[in-house]
Amino acid sequence: MQKETQDFRKQLDMVLAFCQEAREGFGEDSLCHSFCRQGGLLGVFDGCGGLGGQSRNFYTGHTEAYMASRMVSGAVFDWFTQTFPRETWPGRVPELDQEYIRPVITAFQAGQESGLRMKGSMSRPLPTTAAMALLTGEEDAVRIHALWAGDSRVYCLTPNAGLSQLTTDDCSQPDPMENLYDDGILTNVISADGNYTLNSRRIRLHTPCVVLAATDGCFGYVSTPMEFEGMLLGSLDQADSGQAWEEGLRALIASVAGDDYSIAMAAFGFGSFEALREAFRPRYKTIYHRYLEPVSRLDPNDVASRRALWQEYRVNYLRFLGGDRQQ
């Protein structure tokens with residue numbers, strides 16, 4: 001049996017988190033993160049504007065989607081800070097939904113359905129996606145309990161295998177590549193009507209590693225999934241500090257995004273920012289020459305060639321999407 005760390009925060013090198021609005025004051029994303037002796041939390045939430053786009057006077061003129069992401073983010077943060085330090089926290093995960101998320105959004109549920117439609121679906125009260133990583137540590141590993149609803153994602157990033165998706169999109173087109181060209185209908189989002197499921201997957205990952213949660217504004221406007229890894233590692237490669245990495249990553253996402261975007265990310269076991277950057281430099285060079293540079297030369301309409309590159313890249317990218325995994 002692996003020995004658990006005495007203080008999880010000793011494994012933590014840095015946290016990077018930001019939430020960017022497409023329209024100032026009306027962004028429908030939210031995020032939260034927290035770390036304590038026993039573990040950590042990373043969470044992002046994307047209010048579904050098309051499903052809950054009606055403004056309400058009693059929400060200070062904001063949409064239900066705007067309020068939903070903030071209500072659920074706050075509920076998750078409260079749950080973590082109030083229950084996670086207990087030794088029995090894994091058994092308390094169901095109460096996150098039953099005692100924190102559902103009560104808060106039900107209490108603020110709008111009185112009537114707006115009748116707006118998105119991709120053929122009726123609007124829903126207080127709709128939001130959620131992607132959360134609950135983290136605990138061992139001497140040489142991080143245990144990740146991913147929880148999600150919708151198409152926001154939890155990922156891990158390692159020097160050898162690169163970026164890997166840990167959550168499966170709740171939509172009619174779950175393939176990450178195909179969804180970039182055939183935007184799937186959301187089939188599961190948190191909502192005050194209670195008709196949703198909070199999915200779960202557990203992974204044990206050797207350190208050093210990076211864990212991140214991101215809304216679709218971060219990864220949904222590139223032409224291939226490998227380009228999101230390229231933005232993460234390209235901005236890291238050019239940075240000389242955590243702040244510079246954040247600024248560079250913000251700029252790269254902003255250059256392609258057409259929506260709000262949020263990311264919460266934590267690095268473990270590298271020891272310093274310089275060691276983190278150097279650990280990923282060979283991986284960045286590999287994906288740049290094997291995927292990013294070839295993609296940049298393709299005609300914008302040449303989807304077939306992009307799909308061919310994706311078939312090779314997807315082996316590591318999808319390696320965890322089959323159940324609880326250890327690596």
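I take two strands to be paired if DSSP finds at least two bridges between them. With that settled, I note that the model examined here is predicted.

**Entry 1. Overall account**

I first looked up the chain as a whole. The protein chain has seven helices and 13 strands. It contains 327 residues, and 54% of them count as buried. I recorded an accessible surface of about 13800 Å², with 46% of that area belonging to carbon and sulfur atoms. I then turned to contacts between residues at least 6 apart in sequence; 72% of these join residues at least 24 apart.

**Entry 2. Strand β3 and its partners**

I next followed strand β3, residues 40–46. A hairpin of four connecting residues leads from β2 to β3. Strand β2 covers residues 29–35, runs antiparallel to β3 and is joined to it by seven bridges. Within this pairing, I found histidine 33 opposite leucine 42 of β3.

β3 also pairs with β6, residues 130–138, again in an antiparallel arrangement, through five bridges. Here glycine 40 has leucine 135 of β6 as its bridge partner.

Why is β3 described as largely enclosed by the rest of the structure? Seven of its seven residues are buried, so the strand is largely enclosed. I checked each face separately: Gly40, Leu42, Val44 and Asp46 are buried on one side, and Leu41, Gly43 and Phe45 are buried on the other.

**Entry 3. Aspartate 175**

I looked up where this acidic residue lies. Aspartate 175 is in the loop between β9 (162–165) and β10 (199–206). Is aspartate 175 buried or exposed? Its relative accessible area is 19%, and the cut-off for buried is under 20%, so aspartate 175 counts as buried. Setting aside neighbours within four places in sequence, I listed Trp310 and Arg314 as its contacts.

**Entry 4. Aromatic rings**

I searched the whole structure for aromatic pairs and obtained 15. One of them is the tilted pair of phenylalanine 8 and phenylalanine 268, whose centres are 5.4 Å apart with 40° between the planes. Phenylalanine 8 belongs to the segment before β1 (12–20) and phenylalanine 268 to β12 (residues 261–268), so this pair ties together parts 260 residues apart in sequence. I noted that both phenylalanines of this pair, 8 and 268, are buried.

I also recorded one aromatic cluster made of Tyr155, Phe219, Phe228, Tyr291, Trp310, Tyr313 and Tyr317. Trp310 in this cluster is also a contact of aspartate 175.

Two arginines lie over tyrosine rings. The charged end of arginine 70 sits over tyrosine 66, 3.6 Å from the ring centre. Arginine 102 lies over the face of tyrosine 196, at 4.1 Å from the ring centre.

**Entry 5. Nonpolar cores**

I closed with the nonpolar cores. In soluble globular proteins, nonpolar side chains tend to be buried together. The largest core in this model has 41 residues, and Leu212, Phe228, Ile263 and Leu276 have the most contacts inside it. Helix α6 (residues 273–297) supplies the largest share of this core, eight residues.

Which residues does phenylalanine 228 contact, leaving aside neighbours within four places in sequence? I listed Tyr155, Leu163, Leu212, Ala214, Cys218, Phe219, Val222 and Ile263. Of these contacts, Tyr155 and Phe219 also belong to the aromatic cluster with phenylalanine 228.

A second, separate core has 29 residues, including Cys32, Phe45, Ala130 and Leu147. Phe45 of this core is the β3 residue already noted as buried in Entry 2.

Terms used:
Residues numbered from 1 in each chain as written. Predicted model: local features only at pLDDT ≥ 70, side-chain atom pairs only at ≥ 80, totals over all residues. Heavy atoms only, no water. Buried < 20%, exposed > 50% of the residue type's maximum accessible area, 1.4 Å probe, protein only. Contact = heavy atoms within 4.5 Å. Areas by Shrake-Rupley, 256 points an atom, 1.4 Å probe, with all protein chains shown as cover. Phe/Tyr/Trp six-rings, centres within 6.5 Å; stacked < 30°, edge-to-face > 60°. Lys NZ or Arg CZ within 6 Å of the ring centre and 35° of its normal. Core = buried A, V, L, I, M, F, W, Y, C linked by side-chain atoms within 4.5 Å.
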